[in-house]
Amino acid sequence: MNNIVEKAKAMDQFGNNLPDVEQGGEVELGEIWDGTSPAPQESWSIQLTDSDWINYTFEIVEEKDDPLETLVRITDIELL
């Protein structure tokens with residue numbers, strides 16, 4: 001598991017289902033995005049505490065009709 005994701009899981013106060021993704025890995029956008037807003041094009045953040053977030057930066061590899069199935073490559077994972 002990615003160290004940042006591991007730290008984020010330990011910090012998470014909201015019961016998020018944080019995906020175990022790695023920088024450089026390719027996943028469907030639905031693995032990191034919950035689909036509740038317009039589809040992100042470059043990054044997506046998930047709130048962990050009142051002031052902490054995990055941010056996934058990505059590039060689109062293959063766009064699909066269903067945005068949740070769009071294939072993305074994770075380029076960076078950071079705590080904000």
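A residue counts as buried when its relative accessible area is under 20%. Val-5, at 0% relative accessibility, therefore falls in the buried class. The structure discussed here is a predicted model, and Val-5 makes a handy way in. This residue lies in helix α1. Leaving out residues up to four places away in sequence, Val-5 touches Pro-19, Asp-20, Val-21, Ile-54 and Ile-77. Glu-26 is another matter: Val-5 and Glu-26 are 21 residues apart along the chain, and their C-alpha atoms are separated by 16 Å.

Helix α1 spans residues 3–11 and lies across β3 and β4. Its direction makes an angle of about 65° with β4. The sheet itself is open and has four strands, in the order β1-β4-β3-β2, with antiparallel pairing. β1 (26–28) and β2 sit at the edges with a single partner strand each, so one side of each has no neighbour in the sheet. On average, and ignoring direction, neighbouring strands are turned by 40° against each other. As general background, strands of a sheet pair through backbone hydrogen bonds, either parallel or antiparallel.

In the middle of that order, β3 and β4 (residues 71–79) pair in the antiparallel sense over eight bridges. One of the matched positions is Tyr-56, whose bridge partner in β4 is Ile-77. On the other side, β2 pairs with β3 (residues 53–62), again antiparallel, over five bridges. Here Ser-43 stands opposite Thr-57 in β3. β2 and β3 make up a hairpin, with five residues between them.

Which residues of β2 lie on its covered face, and which on the uncovered one? Strand β2 (residues 43–47) turns Trp-44 and Ile-46 to the covered face, while Ser-43, Ser-45 and Gln-47 are on the uncovered face. That pattern fits a familiar rule: in a regular strand the side chains alternate between the two faces of the sheet.

The loops on either side of β2 are worth a quick look. Thr-49 has its place in the loop between β2 and β3. Is this loop residue buried or exposed? Thr-49 has a relative accessible area of 9%, so it is buried. Its contacts, setting aside neighbours within four places in sequence, are with Met-11, Gln-13 and Phe-14. Ser-37, in the loop between β1 and β2, is partly exposed at 27% relative accessibility. From Ser-37 to Ser-51 is 14 residues in sequence and 21 Å in space, taken C-alpha to C-alpha.

Now for the interior. The largest nonpolar core has 17 residues, and those touching the most other members are Leu-18, Val-21, Ile-32, Ile-54, Tyr-56, Ile-74 and Ile-77. Two or more residues each come from α1, β2, β3 and β4. Val-21, Ile-54 and Ile-77 were met above as contacts of Val-5. Leu-18 touches Ala-8, Lys-9, Ile-46, Leu-48, Ile-54 and Tyr-56, again not counting residues up to four places away in sequence. Clusters of this sort are no surprise in general, since nonpolar side chains in soluble globular proteins tend to be buried together.

Turning to charged side chains, how many salt bridges does a search of the whole structure find? The search turns up three. In one of them, Arg-73 pairs with Glu-26, with the closest N and O atoms 2.6 Å apart. Arg-73 belongs to strand β4 and Glu-26 to strand β1, so this pair ties together parts that are 47 residues apart in sequence. Arg-73 also meets Glu-59 in a salt bridge, at 2.5 Å from N to O. That second pair links distant parts of the chain as well, with Arg-73 in strand β4 and Glu-59 in strand β3, 14 residues apart. Glu-26, Glu-59 and Arg-73 are thus joined in a network of salt bridges.

What about accessibility within this network? Arg-73 is partly exposed at 28% relative accessibility, Glu-26 is partly exposed at 40%, and Glu-59 is partly exposed at 37%. Another salt bridge joins the side chains of Lys-64 and Glu-62, at 3.4 Å from N to O. Both ends of this pair are partly exposed too: Lys-64 has a relative accessible area of 35%, and Glu-62 comes out at 40% relative accessibility.

Notes: Residues are numbered from 1 along each chain as its sequence is written. This is a predicted model: local features need pLDDT of at least 70, side-chain atom pairs count only at pLDDT 80 or more; totals for chains, interfaces and linings use all residues. Side-chain values use heavy atoms; hydrogens and water are left out. Buried means under 20% relative accessible area, exposed over 50%, partly exposed in between (1.4 Å probe, protein chains only). Two strands pair if DSSP finds at least two bridges between them. Axes are lines fitted to C-alpha atoms, for helices over the stretch in contact, and angles run from 0 to 180 degrees between N-to-C directions. Contact means heavy atoms within 4.5 Å. A nonpolar core is a set of buried Ala, Val, Leu, Ile, Met, Phe, Trp, Tyr and Cys residues joined through side-chain atoms within 4.5 Å. A salt bridge is a side-chain nitrogen of Lys or Arg within 4 Å of a carboxyl oxygen of Asp or Glu.
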